[in-house]
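Visitor: I should be grateful for a close look at the salt bridges of this chain and at the parts of the fold that they join. Please present the matter as one connected account.

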Amino acid sequence: MLEIYNSAGTLQCSFPRVLSAFLCDKLSGERTLSFSVLASRSQPLSVGMTAKLDGQFYNIVRVSKKITGGFPVTTAQCEHITYLLNEEQYNLVTFVLEGTPADGMTQLLSGTPFSVGIIEATGRVECAFTDQSPLSRRSALMRFIDACGCEVEYDGYKINLRKHRGSKVRKRLMDGENVTDLAVTIDSRENTQSYEISLFKMADLQAGDEVNITYTPMGVNVDTRIISIEYDPFYRYTVRVEVGDYVPNLMASTATQLDRVRQEFKVADGKLISSIQTVDGNLSTLSQTVSGFNTRIENAEGAVSTLSQTVGGFNTRIENAEGSVSTLTQTVNSFKTRIETAEGNITSVTQTANKINWLVKSGTSASDFTMTDRAVKLVADTIDLSGYVTISALGTAGKTTINGANITTGTIHADRIDTSTLKVKTIYSQSGKVSLKEYTSTTMYIGGDGTWNYDYTYIFAGTQIKLASWDGVGTHALVIDTKNHCVRPATIVDWDLGNISYTFGNVWCEKITIRNGNNDGYIGFNGGTFEIVANGAAVNRLGSSVYYWDTGYISKLYLNSSCYLDAFGSSLRVNGTVIGGSDPNMAGKEVKMGGSTSYYITASTSRELKPSSSSTSYPFYLGTASLYWHYAYLGSVQVKIGSGTSSKIGFFAGTPIARQTLSTYSQNMGYSSASSSNYLKILNNLVGILVKYGLIGT
């Protein structure tokens, strides 16, 4: 997985696979990476970002884009993160060390993003590096690793010093199947032999491995090391390695010992080292190259004196047995002295053509004083200025007075003011207008108060602008969501638009979306027609069976495409027919009501009030057994009660019965009080009752 981070260390994107990639790792410490991806996936890529692959970090130093085969492709070239040490901020004037490799690595990596890893070398090292131009920190690091007799190994931001990188167990490369290409180069001028091998698939190889190359047809049979390996980290089937001798700095040495003094000379690559050592431990060394020399004198008690000199400058160092040190470094551009006691007290003076710096340090306290032709800078735990301080005769007329805790001055002009707390009452813009003002202790003005208005006031934010009363975190906030271009509350149903006392006037918008749980709807216009839409489909619903509209003002209300309600004066009309009010006139209209859509009562245009069906499955009722019609007036033409002989009728709350049959020869009506002596009276009274009811005439 290839991960890309910005300068703040935030992951920007990742690539589980790429179009192509190329990784080169050399025993000398060089390590580079390049890769190509589709441009559509590489928008965040830019120079200065950091790539991480297999635990190693690389700086993206070049990004190029082109169209290949019709596809836009982005290619990034990367250097290992240690190339940061080539930047000017890490340059050294000189580097001198007499100590262990761990001491030297700690000193070289101090103040950089890197830390000391595994150090396999333990012997004391003496070295001095001084260049005419500023000394690159990375160059000094690589030269120091050579001086330690070690090889560099990277582990993220840690740097290891290995006595031998890679495997010491010799590996055979020419197995007859895996090697696809072999090239041999023998150079008599350099007295070196090199081999380039391409492998069909990724073998267990890395820079520094001891290998054997045997290929009889070319007369090759050699034991050597891998000094460079190149491969695609995403597709490890084509691997290129370069092998050869890893040549140390010193190629020859001679030594002699006379009496109790041992004298040694070493010469190689234009460098001469001469040393004289007595058996009681006193040592004197001289190393010389075409560009400079170094002398060192050390007695048996551990006191040391060194002098290194090049055409660009010289360095002296004196150290006693207790650890107190005095150093002097001088170049054509700078001069530096430093005195350090064994207890850690330090004084140093550094001078260049345009700057002087003094440093005094004791324990955890330090004072740092820097002077240039334009400024004086003093950093200390305590600055004690006794007396009345006045600063005057600056760029313009005026003065600044410092008296105890008070500073009195006029106008302060600055490109930048850094402070943790800034207390002001009024802030002016460059045009002279007031931009921000505390009007009272409870009122703040931004942009204007009627006399210093701005035509435009912009507030910019990449994601959100929050307006809220302070509750610690601004939970109940009105959010201006600049990323999604909307105004919303910080939490659901937390803000109202206006209130009962202060309402908004006109609301102008394209669409009003209404949310109910996960169901979204909106109110809007469709071609001039007002509509309510829920879940993407238009619905015809106002209110519900539980929540009603209190008041509605409608001139004409359509119930479907052919039926509508409207008002005529104080009356309600259906399709233009009045059905209520002072003149409920529905003449000439057929009305269906009650029952259901299949069974109902009809007032027809034929002057009939009738049920829609004569079926007894769903009979119709005129009143009920408990709720009577109290008055009924039927017309003078005809009245028919009962649709057949089985129909039942009852009077005066009597049980309805079917039509009865009158017998002429027997008592069949169940009236036992009639006898031969009174039946004429009973018959006469029955006729009188029927006459009174108007059922018969006489």
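Guide: A suitable place to begin is Glu153, which is partly exposed, with a relative accessible area of 21%; a residue counts as buried only under 20%. Its side chain meets that of Arg162 in a salt bridge, with 2.9 Å from N to O. The model is a predicted one, and every distance quoted here is computed from it.

A second pair is formed by Glu438 and Lys425, whose closest N and O atoms are 3.9 Å apart; the limit for a salt bridge is 4 Å. This pair links distant parts of the chain, 13 residues apart: Glu438 belongs to strand S36 (residues 434-440), whereas Lys425 is in the loop between strand S34 (406-408) and strand S35 (426-428). Glu438 counts as partly exposed, at 31% relative accessibility. Lys425 is likewise partly exposed, and its relative accessible area is 49%; the exposed class begins over 50%.

Some salt bridges share partners, and in this way Glu151, Arg170, Glu210, Asp223 and Arg225 are joined into one network. One member of that network, Glu210, also touches Ser167, which is in contact with Gly208, Asp209 and Glu210 when its neighbours within four places in sequence are left aside. Ser167 itself is placed in the loop between strand S12 (158-162) and strand S13 (171-172). A polar atom of the Ser167 side chain lies 3.1 Å from the backbone oxygen of Val169.

In total, the chain has 21 salt bridges. One of them is formed by Arg296 and Glu126, with the closest N and O atoms 2.4 Å apart. The two residues lie 170 residues apart and link distant parts of the chain, Arg296 being in strand S23 (residues 292-298) and Glu126 in strand S10 (residues 125-135). Their surroundings may be set side by side: Arg296 counts as buried because its relative accessibility is 1%, under the 20% limit, while Glu126, at 36%, counts as partly exposed.

How much confidence does the predictor place in the chain? The average pLDDT is 80, and 84% of the residues score at least 70. Confidence is highest in strand S5 (residues 50-53), at a mean of 94, and lowest in strand S19 (residues 253-258), at 38. Residues 248-260 have a pLDDT below 50, and this stretch makes 26 contacts in the model beyond near neighbours in sequence. Residues 265-270 also have a pLDDT below 50, with 23 such contacts.

Two further elements complete the account. Strands S45, S46, S47 and S48 form an open sheet in that order, with antiparallel pairing. Strand S45 (556-558) and strand S48 (577-578) each have a single partner strand and stand at the edges, so one side of each is left without a neighbour in the sheet. S45 pairs with strand S46 (residues 564-568) in the antiparallel sense over three bridges, and Asp566 in S46 is the bridge partner of Lys556.

The other element is helix H3 (residues 679-692), whose 14 residues should span 20 Å at 1.5 Å a residue; the end C-alpha atoms are 20 Å apart, which agrees. After H3 comes Gly694, with a positive phi near 75°.

Methods: Residues are numbered from 1 along each chain as its sequence is written. Side-chain values use heavy atoms; hydrogens and water are left out. Helices (H or I, at least four residues) and strands (E, at least two) are DSSP runs, numbered from the N terminus. A polar contact is a pair of N or O atoms within 3.5 Å; within protein, one must be able to donate a hydrogen and the other to accept it, and residues adjacent in sequence count only if both atoms are side-chain atoms. Contact means heavy atoms within 4.5 Å. Two strands pair if DSSP finds at least two bridges between them. pLDDT is the predictor's confidence in each residue, from 0 to 100. Buried means under 20% relative accessible area, exposed over 50%, partly exposed in between (1.4 Å probe, protein chains only). The expected span of a helix is 1.5 Å times one less than its number of residues.
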